[in-house]
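Please find below some notes on the model, set out as numbered points for discussion.

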Amino acid sequence: MKERTIEEINKKIENNEANIFTVREFKKLIKEDKTPSFEEVDVVTTGTCGVMSGTAAIFNFIISEPGKFMRAKNIYLNGVPANVGPCPNEWLGSVDLILHGTAKSLENPFYGGGFLLKDLLEAKDIEVKVETIEGEIIESKTNINELIRGQLIGSRMAFKNYNSFTNPSDEAVSSIFGAIPLEGNFSTYTFSGCGDFNPIQNDPDLNIIKAGTKILLNGAEAYVLGEGTRSSQEKPNLMLSGNIKDMDSQYIGGFKTGEGGEVYDTVAIPIPVLNEEIYNNLLVVNEDIELGVMDIRGRHLPLSKTDYSKVWDAYDLRPKFIESDCINCDICRVEEICPTNAFNDKKLDLYRCFGCGICSHYCIGDSFNMNTGSLKLKIDDKVHNIPIVCRQSDLLRADKLSSHLKDLIENQEFKL
């Protein structure tokens, strides 16, 4: 078997002799029948972006001057509850806390941990409310610059395998798997996963990706802690961690669903091509990757199967807003339901846009131009042509972060 070492690849990088591909570049060559040989590829930078519910953050905030309270009992950030602890504060004026990305504001169920983390990274002031064990209320403000310490922990991220969903029932069903309740009679379809961009799809046996592997998490240098919760041989995922203060707000944020706010993250992982087995695993393309189609009422209710080429290949990654087609509704439906709040006052903010496709399907005036595709599925001996109305993964962000990782490696700012 042909082999090379990390040291050999790093030496080639130092000498500007390494062949480094982003996953998009590498898969494009495969699909064009121009696949580089083992000798012609040293590193492929893979990436994924999507809703990752296992995201949490561990913070230490200064709440007040020392001596004002002994210990916090409850804490809220922009109305979002966090868990105080685990250590007593003993009059220090600071609080350790854990914020879950799926935590929901007490005032607004569609604002939660994911939106809060983005606001924090955008250097916005965060309203802090503490209830002390003495029964007092202390209110203050903080921001990213005043944050003493912040660590993001992803307990289950970058799943290799995902399911997708449609609704065979007569009534709309609310779920975390749809930005709004998923309409019935096989009229809507939603899916997650970046297909052949996904790191574990390119290293399915975790030959390279393991505890201690250096990665990018939301733009920051981070590490794999090991396999994540709910990980299995069939459906592996990762536990990841990085410093929040080093992260880039464009790669993380909130995502509204039928069951309230969720959180999305972006991960990029380098795959050094050390041997032929690793190289062969990188040859996977979307049509090779099975995607189960489930009843929205439960992942235990399989209906059919498809593959990622049917949901990603040749479709648009971002919408275009045609202002001249806008019919100026009194209440804009798209503003109401956009999962990332990317459309306001007749302006589409592509920085916040997730490319989910919701706007192109639910705008009353049909003023958004975006082809998200449809699926032809045979279910119970009947063929259904089901439009793809919601993506909960973002190929564009995954591509952008994997491209950034390639640049860092080539510039010797990220060492394998």
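1. Which ring does the charged end of Arg4 sit over? In this predicted model, the charged end of Arg4 is placed over the ring of Phe38, at 4.2 Å from the centre of that ring. A second arrangement of this kind involves Lys214, whose charged end sits over the ring of Phe414, 4.7 Å from its centre.

2. The aromatic side chains deserve a separate look, as the count of aromatic pairs comes to 14. One of them is formed by Phe191 and Tyr308, which meet edge-to-face with 6.5 Å from centre to centre and 70° between the planes. This pair links distant parts of the chain, since Phe191 belongs to strand 11 (residues 189-191) while Tyr308 lies in the loop between strand 18 (302-307) and strand 19 (320-321), 117 residues apart. Phe191 and Tyr308 are both buried, and together with Tyr189 and Trp312 they form one aromatic cluster.

3. Another aromatic pair is made by Phe343 and Phe368, again edge-to-face, with 5.0 Å between the centres and an angle of 75° between the planes. Here too the pair links distant parts of the chain, with Phe343 in strand 20 (residues 343-344) and Phe368 in strand 22, 25 residues apart. Both Phe343 and Phe368 are buried.

4. Ser367 is found in the loop between helix 7 (358-362) and strand 22 (368-369). Is this loop residue buried or exposed? Ser367 has a relative accessible area of 2%, which is under the 20% cut-off, and therefore counts as buried. If neighbours within four places in sequence are left aside, the residues in contact with Ser367 are Lys320, Phe321, Ile322, Asp325 and Cys326. For one of these, Asp325, the C-alpha atom is separated from that of Ser367 by 5.0 Å, although the two residues are 42 residues apart along the chain.

5. On the cysteines, the reader may wish to know how many disulfides the model contains. The count comes to 0 disulfides. Cys338 is in no disulfide, as the nearest cysteine sulfur, which belongs to Cys356, is 6.1 Å away. Cys338 is nonetheless buried, with a relative accessible area of 11%. Cys363 is likewise in no disulfide, the nearest cysteine sulfur being that of Cys332 at 6.6 Å. With a relative accessible area of 17%, Cys363 is under the 20% cut-off and so is also classed as buried.

6. Finally, strand 3 (residues 55-62) calls for comment: why can this strand be described as largely enclosed by the rest of the structure? The description holds because 6 of its 8 residues are buried. Strand 3 is joined to strand 9 (residues 149-157) by 6 bridges, and these two strands run antiparallel. Within that pairing, Asn60 stands opposite Arg149 of strand 9. Strand 3 also pairs with strand 6 (residues 94-100), in the antiparallel sense and over 7 bridges. In that pairing, Phe61 has Val95 of strand 6 as its bridge partner.

Key: Residues numbered from 1 in each chain as written. Predicted model: local features only at pLDDT ≥ 70, side-chain atom pairs only at ≥ 80, totals over all residues. Heavy atoms only, no water. Helix = DSSP H or I, 4+ residues; strand = E, 2+ residues; numbered from the N terminus. Buried < 20%, exposed > 50% of the residue type's maximum accessible area, 1.4 Å probe, protein only. Contact = heavy atoms within 4.5 Å. Disulfide = S-S within 2.5 Å. Pairing = 2+ DSSP bridges. Phe/Tyr/Trp six-rings, centres within 6.5 Å; stacked < 30°, edge-to-face > 60°. Lys NZ or Arg CZ within 6 Å of the ring centre and 35° of its normal.
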